[in-house]
Amino acid sequence: MPPEGTIRREMEHLQGLPTIPVMLKKLLEAFNDPRLSLNDIAGFVSNDPALAGSLLKAVNSPLFGFVGRVTSITQALLLLGLNAAKGLLLGVAVFGLAKGLEGLWAHSVGTGIVARITARQQALGEPEELFVAGLLHDIGKIFLYVKFPDDYRRALALARAEKAFIGHVEKQTFNSTHTEVAGWVLTRWHLPLRLIEPIRYHHQPSLSQKMAAETAIVHFSDVLARARGFGSGGDAFVPPVDERVWARLNLSKGDIKAILCESDKLMQDTESLLNNA
Amino acid sequence: MPIVSLEKAEAGMTLSKPAVNEFGVVLLDAGAKLTGHLITRLLRANISSVYVVGTPDRAKIQELLTQLQERFEKTRNEPYMALLEKIVAEYIEECHAT
């Protein structure tokens with residue numbers, strides 16, 4: 001098992017891998033600029049037809065619930081806001097590398113959907129950002145899979161065989177978990193804290209200091225998406241819900257059923273998007 | 001009350017909830033029976049799925065409940081997890097009832 005420091009150094013240089021697409025590398029270079037504006041992102045995306053097409057398809061899907069048709073990149077980015085736009089573009093780029101992680105896309109979309117609905121229920125601002133945080137919450141699994149594909153496949157097989165949580169097997173195999181890896185890589189890639197913290201602490205929400213409300217929602221959404229059976233997180237079990245999150249969200253039985261009902265409908269409505277990933 | 005993608009909907013199915021467009025306008029009331037013509041018009045209005053009246057598929061419900069039980073195997077005894085499992089199980093039953 002490699003020392004944690006070695007893994008961290010290797011993961012922080014993930015974008016140097018030859019398997020990382022050129023488009024993603026250019027996107028990350030753009031994110032590196034602290035003065036990056038929505039106009040800059042619009043210009044960048046417009047020059048890449050595949051990325052532009054994926055963004056418009058996602059924004060016009062029921063996932064975001066924008067009334068009317070979104071026809072331009074600028075309009076799409078204005079509706080999303082800078083944080084959600086960066087996260088969604090990253091998601092579109094990175095999930096293309098996740099072929100072989102069966103069910104992860106459906107699980108990630110499901111968690112994003114539940115997060116957005118729960119954020120609205122909790123009257124938390126910017127529900128689109130919570131959708132993106134939910135969508136990206138397991139991105140660390142993709143990072144590990146891209147860097148160590150054979151080891152990660154073995155870790156998945158071991159989790160199945162031993163009926164273990166994938167995070168536990170990741171710790172045994174890599175001396176780090178998908179949440180730690182995501183924290184290192186996304187910090188290196190200059191993602192906003194409002195996305196990084198919920199992703200980094202979605203299994204340990206009490207450790208989130210600056211984004212406690214957002215992290216609580218992503219934690220709960222992961223648990224509920226697993227309970228409902230949206231896709232696969234890499235193991236077969238629902239992780240335990242944090243008691244403080246349960247108390248904080250204070251959802252009644254009716255609230256949870258309403259979230260499930262709306263989530264099911266959205267998952268049904270975006271079936272074609274899920275199948276094309 | 002099952003949700004059905006309009007591409008899989010069939011003439012003769014009855015709506016259990018109104019079909020509403022993205023602006024909140026009711027296009028078809030609950031109780032309306034779908035025809036081929038109505039399905040086409042709903043698709044043109046960007047409706048992708050509808051709630052229809054169905055008969056309970058006990059085998060399907062049991063399959064889903066068994067899968068739910070298996071998913072909670074490791075954490076059922078943790079705080080609130082038995083309650084969460086019960087809520088999801090009730091939801092599954094209600095979802096697939098008439």
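## Contacts, cavity and cores in a predicted two-chain model

Leaving aside neighbours within four places in sequence, A:Lys257 is in contact with B:Ile87, B:Glu90, B:Tyr91 and B:Glu94, where contact means heavy atoms within 4.5 Å. The model is predicted, so that local features need pLDDT of at least 70 and side-chain atom pairs count only at pLDDT 80 or more, while totals for chains, interfaces and linings use all residues; side-chain values use heavy atoms, with hydrogens and water left out. Residues are numbered from 1 along each chain as its sequence is written, and chains are lettered from A and ligands numbered from 1 in the order in which they are written.

A:Lys257 belongs to helix 16 (residues 253-269) of chain A; helices here are DSSP runs of H or I with at least four residues, and strands are runs of E with at least two, numbered from the N terminus. Because its relative accessibility is 14%, A:Lys257 counts as buried, the classes being buried under 20% relative accessible area, exposed over 50% and partly exposed in between, with a 1.4 Å probe and protein chains only. The side chain of A:Lys257 is joined to that of B:Glu90 by a polar contact of 2.8 Å. A polar contact is a pair of N or O atoms within 3.5 Å; within protein, one must be able to donate a hydrogen and the other to accept it, and residues adjacent in sequence count only if both atoms are side-chain atoms.

Helix 16 of chain A also holds A:Ile256, which is buried at 0% relative accessibility. Not counting residues up to four places away in sequence, A:Ile256 touches residues of both chains, namely A:Phe220, A:Leu224, A:Trp246, A:Leu251, B:Leu84 and B:Ile87. The C-alpha atom of A:Ile256 is separated by 40 Å from that of A:Pro49, 207 residues away along the chain.

A:Ile256 further takes part in the lining of the largest cavity, together with A:Phe220, A:Val245, A:Trp246, A:Leu249, A:Asn250 and A:Leu251. A cavity is a set of points, on a 1 Å grid over the protein atoms alone, where a 1.4 Å probe fits but cannot get out, and lining residues have an atom within 4 Å of a point. A search of the whole structure finds one cavity of 30 Å³ or more, and the volume of the largest is about 40 Å³, a volume being the space filled by probe spheres set on the points, which are joined across faces, edges and corners. Helix 15 (residues 243-249) of chain A gives the most to this lining, with three residues. The lining divides into six nonpolar residues, one polar and no charged, with Ala, Val, Leu, Ile, Met, Phe, Trp, Tyr, Cys and Pro counted as nonpolar, Asp, Glu, Lys and Arg as charged, and the others, Gly among them, as polar.

In the loop between helix 14 (212-228) and helix 15 of chain A lies A:Val238, which is buried at 0% relative accessibility. Leaving aside neighbours within four places in sequence, its contacts include A:Phe165, A:Val223, B:Arg71, B:Phe72 and B:Met81.

The largest nonpolar core has 107 residues, and A:Met11, A:Leu55, A:Ile139, A:Ile142, A:Phe143, A:Leu186 and A:Trp189 are those with the most contacts inside it. Apart from it lies another core, of 13 residues, among them B:Val4, B:Leu6, B:Leu15 and B:Ala19. Such a core is a set of buried Ala, Val, Leu, Ile, Met, Phe, Trp, Tyr and Cys residues joined through side-chain atoms within 4.5 Å.

A:His178, in helix 12 of chain A, is buried, with a relative accessible area of 2%. A polar contact of 3.2 Å joins its side chain to that of A:Asp138, and the residues in contact with A:His178, leaving aside neighbours within four places in sequence, include A:Glu170, A:His202 and A:His203.

Most residues other than glycine have a negative phi. Two residues with a positive phi are set out below.

| Residue | Phi | Loop of chain A | Relative accessibility |
|---|---|---|---|
| A:Lys163 | near 50° | between helix 10 (149-162) and helix 11 (166-174) | 46%, partly exposed |
| A:His190 | about 60° | between helix 12 (178-188) and helix 13 (193-200) | 38%, partly exposed |

Terms used. 1 Å grid on protein atoms, 1.4 Å probe; cavity = no way out; pocket = protein on both sides within 12 Å on 5 of 7 lines; lining within 4 Å.
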